[in-house]
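I opened a fresh page for a protein model and kept notes on what I looked up. Here they are, in the order I made them.

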Amino acid sequence: MQYEQDYIMRLIKQVIRALIGTLLNRRTTLEHEMLANQQQNSGDDLFQRLAVLADQGKICEAENILLEAMESGSDESLRAGLLFYEHINEYDDDYLEEHNFSRAEIRQGVLDTAERMGTYAMAAPLFPEFYVDGE
């Protein structure tokens with residue numbers, strides 16, 4: 001079971017990394033890069049706030065804040081979302097369960113973020129639902 005769990009965690013991390021790469025590749029002009037660097041700081045601030053809440057066991061509260069921020073569809077909020085799901089993916093199953101969250105919800109959060117990015121079709125086949133069944 002531990003091997004399977006490690007595999008699922010690695011799979012989620014790989015999908016997130018691929019999506020972050022896709023998100024960053026959207027920015028092609030120098031102007032866009034300069035704007036992205038400014039926005040990245042606010043995205044990092046959002047991610048830091050979410051990570052602190054999650055580390056305090058307030059994962060659901062952090063996700064609610066994230067979902068509200070992602071309503072804008074801005075690259076920085078999407079990036080913060082991917083980083084957030086990557087961060088909570090590092091928690092062990094006991095911590096997630098203790099705080100009413102699951103690996104399946106992380107997977108779904110990544111897929112929802114991918115959908116907002118317009119990359120759902122790329123992300124969904126990378127980890128079919130059966131990888132997280134039984135959680």
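**Entry 1: ground rules**

I began with burial: buried means under 20% relative accessible area, exposed means over 50%, and partly exposed lies in between (1.4 Å probe, protein chains only). Helices (H or I, at least four residues) and strands (E, at least two) are DSSP runs, numbered from the N terminus. I noted that this is a predicted model, where local features need pLDDT of at least 70, side-chain atom pairs count only at pLDDT 80 or more, and totals for chains, interfaces and linings use all residues. Residues are numbered from 1 along each chain as its sequence is written, and side-chain values use heavy atoms, with hydrogens and water left out.

**Entry 2: helix α4**

My first stop was α4, which is mostly covered, with 14 of its 15 residues buried. I then checked its length, using an expected span of 1.5 Å times one less than the number of residues. From first C-alpha to last, α4 reaches 21 Å, close to the 21 Å expected.

I picked out L83 in this helix. L83 counts as buried because its relative accessible area is 13%. Its C-alpha lies 7.8 Å from that of I16, although L83 and I16 are 67 residues apart in sequence.

Next came E86, also in α4. Is E86 buried or exposed? At 9% relative accessibility, E86 is buried. For its partners I used contact (heavy atoms within 4.5 Å). Beyond its neighbours within four places in sequence, E86 touches K13, I16 and R17.

With R17 I found a polar contact of 2.4 Å between the side chains. A polar contact is a pair of N or O atoms within 3.5 Å; within protein, one must be able to donate a hydrogen and the other to accept it, and residues adjacent in sequence count only if both atoms are side-chain atoms.

**Entry 3: the core**

I looked for a nonpolar core, meaning a set of buried Ala, Val, Leu, Ile, Met, Phe, Trp, Tyr and Cys residues joined through side-chain atoms within 4.5 Å. The largest one has 37 residues, and those with the most contacts inside it include L19, F84, I88 and V110. Two or more residues each come from α1 (2-25), α2 (30-55), α3 (59-69), α4 (75-89), α5 and α6. The largest share, eight residues, is from α1. As background, nonpolar side chains tend to be buried together in soluble globular proteins.

I followed F84 outward. Leaving aside its neighbours within four places in sequence, F84 is in contact with F47, L50, A54, I59, A62, E63 and L66.

**Entry 4: helix α6 and its ends**

Before α6 there is a loop that follows α5 (93-98), and N100 lies in it. N100 has a positive phi, near 60°, and is a residue other than glycine. At 61% relative accessibility, N100 is exposed.

R103 lies in α6, which covers residues 103-117. R103 is buried, with a relative accessible area of 1%. Where does the side chain of R103 reach? I traced it to the backbone oxygen of Y91, at 3.0 Å.

Farther along is Q108, which counts as partly exposed because its relative accessibility is 35%. I also noted that the C-alpha atoms of Q108 and A124 are separated by 9.5 Å. Just after α6 comes G118, with a positive phi near 80°.

**Entry 5: the whole protein**

How many helices and strands are there in the protein? I counted seven helices and zero strands. Of its 135 residues, 44% are buried. Among contacts between residues at least 6 apart in sequence, 69% join residues at least 24 apart.

**Entry 6: how far to trust it**

Last, I checked pLDDT, the predictor's confidence in each residue, from 0 to 100. The mean is 81, and 75% of residues reach 70 or more. Confidence is lowest in α2, at a mean of 68, and highest in α3, at 97.

Residues 27-36 stay under 50, and the model has five contacts for them beyond four places in sequence. Residues 130-135 also stay under 50, with 13 such contacts. My reminder to myself is that where pLDDT is low, the predicted coordinates should not be read in detail.
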